[in-house]
Amino acid sequence: MGRRVVVIGAGFGGIGAAIELRAHGYTDVTILDAAPGIGGTWLANTYPGAACDVPSHLYSYSFAQQRSWSRLCSPQEEILEYLRAVAREHSVDGLVRPNTKVTACRWDDEATLWRVETEQGDEYTADAVVIATGQLAQPSIPAIPGREDFAGTEFHSAAWDHDHDLTGRKVAVIGTGASAVQFVPAIAPVVGKLSVFQRTGNWFLPRKNLPYPRSVQRLIKVPGVQRLRRWGLKRLYLESLTASIRHPRTVGPVLRLKAQIFMRHQLRDPEVRRKVWPDYTFGCKRVLFSSYWLPALQRDNVEVVTDSVERIEATGVRTKDGRLHEVDTIIWGTGFRTTSFMFPMEVHGRDGRSLREEWAGGPHAHLGMTVPGFPNLFVMYGPNTNTSGGSIIVYLESQARYVRTALQEADRRGAAAAEVRPEVEAASDAEVQARFEGTAWQACDSWYRDETGRIITNWPGYMLEYEKATEAIDPSEYVWLEPGEQKVSG
Ligand code: NAP
């Protein structure tokens, strides 16, 4: 089929979309990525201990199940190798243009197509654009004064400096989110002294994530076992975490009790226990799975610092109590600019309207994907499609399918493009926001919210609800643009 599709991003989202489109006859697909290759977050995040925290049988495509994962939650190299192999097997690896940073997408009203501009000055034209840049692509380093004065080495966890040997060093880790929770236990035995600067404690559930014994590896290879396991993980295990977040008074306390017993058992040092015990509702921030983090914090060479960081100086980190923590290395485990989505990319839709301006009051999109005024523009992992309990791959596959059905419907009608009706988008946004009422997500501040407190990253329900809602495009929710004209038809 003749439709040209430009996909921006060669991570799980973009690769999945390209596979889905090609499998249904849309062969003119180009994938642009600023990075040097396939992988997205799994290419960027190479820190020691990096692994997924959702079981691999679910953190993988449904159509490309692998039975050789080495453990429940696979390490970064295995996931990256898997994604590359799937891209190769489905012949989409050759569609990727690496080192190609998109600076702007502009809808051409006359020609009813998108013009995609790159940093190199190239322009790609496309009938549809899929923005699959994700929510966790732009590392965030807080604006703490004095950073430029630091005489040692500093880097963000998503841009790990593997040339910098940490053996015996005095290291500061700032931030204690999902990334730090993985790399701190990996580096603590190696460094000389480790100061972990924590702003907020986390809720933890146990996970040893040891390599599968041979017997389990063999069992997984028995026909049907994998399918059953995936079904169980999807329907019961992960949705139960979402249930605990959705119902913080009834289901939440059950999982919280499990976390409390586990944490109390691990936290033998009363001083560390006092410092790290979370003071907010279970599930409000991401619940973390690790059997190694709390023991690492109680090592003799590790100190948990809860006084807030005031400034960075040449020889270390100065906290509010006036103490200078002398270090030669600072590792920023401070997460990502999650609310920036694809920006600073310029996205201009019909009549030149700017997505940045449309989203000035907070990003919003129908099913996280489509925005009124932006025909045939689809955002993957867009507003309100992150998951605290499920696997993002399930969401990405649903989105890829939805995009494909949108193009098929446009073909069927002979339309140039689909544009979501403003009232449909407004209603679905209102419904999504209303569903956060009374949930744990509303009980504290987190990276899920913007500065007004609106939750803009997460889906408020279950994976299965999202899958169902996005099964296929509902043509009545869209206006259909005729080719080469600005006219719309119902
Ligand atoms: P994160 O969860 O956003 O954690 C950032 C940490 O930095 C938090 O502890 C935060 O404290 C702290 N922080 C931010 N600004 C600070 C400041 N000015 N001073 C002191 N501390 C500050 O980031 P992340 O750990 O990189 O994880 C981000 C997301 O990536 C995760 O939630 C998860 O979705 C994904 N992820 C997944 C995996 C996996 O699958 N295994 C691994 C890593 C990441 P506050 O809590 O007080 O804000």
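**Close-ups of a two-domain chain and its ligand**

**View 1. Where domain 1 meets domain 2.** Together the two domains bury about 1500 Å² between them, with carbon and sulfur atoms giving 52% of that area (buried area is the accessible area, with a 1.4 Å probe, that two parts lose on being put together, summed over both). On the domain 1 side, Tyr47, Pro48 and Asp53 lose the most area to domain 2, together 38% of what that side buries. This is a predicted model, in which local features need pLDDT of at least 70 and side-chain atom pairs count only at pLDDT 80 or more, while totals for chains, interfaces and linings use all residues. Residues are numbered from 1 along each chain as its sequence is written, and side-chain values use heavy atoms, leaving out hydrogens and water.

**View 2. A salt bridge across the interface.** Here the rule finds one salt bridge between domain 1 and domain 2 (a side-chain nitrogen of Lys or Arg within 4 Å of a carboxyl oxygen of Asp or Glu). Look for Arg286 and Asp53, a salt-bridge pair whose closest N and O atoms are 2.6 Å apart.

**View 3. Around the ligand.** Among the 22 residues around the ligand, Ala51, Thr176, Ala178, Ser179 and Thr200 come nearest (a residue counts if one of its heavy atoms lies within 4 Å). A polar backbone atom of Ala51 sits 2.5 Å from a ligand nitrogen. Ser179 places a polar side-chain atom 2.7 Å from a ligand oxygen, and a backbone N or O atom of Ala178 is 2.8 Å from an oxygen atom of the ligand.

Definitions and conventions: Polar contact = N/O pair within 3.5 Å; in protein donor to acceptor, adjacent residues only side chain to side chain.
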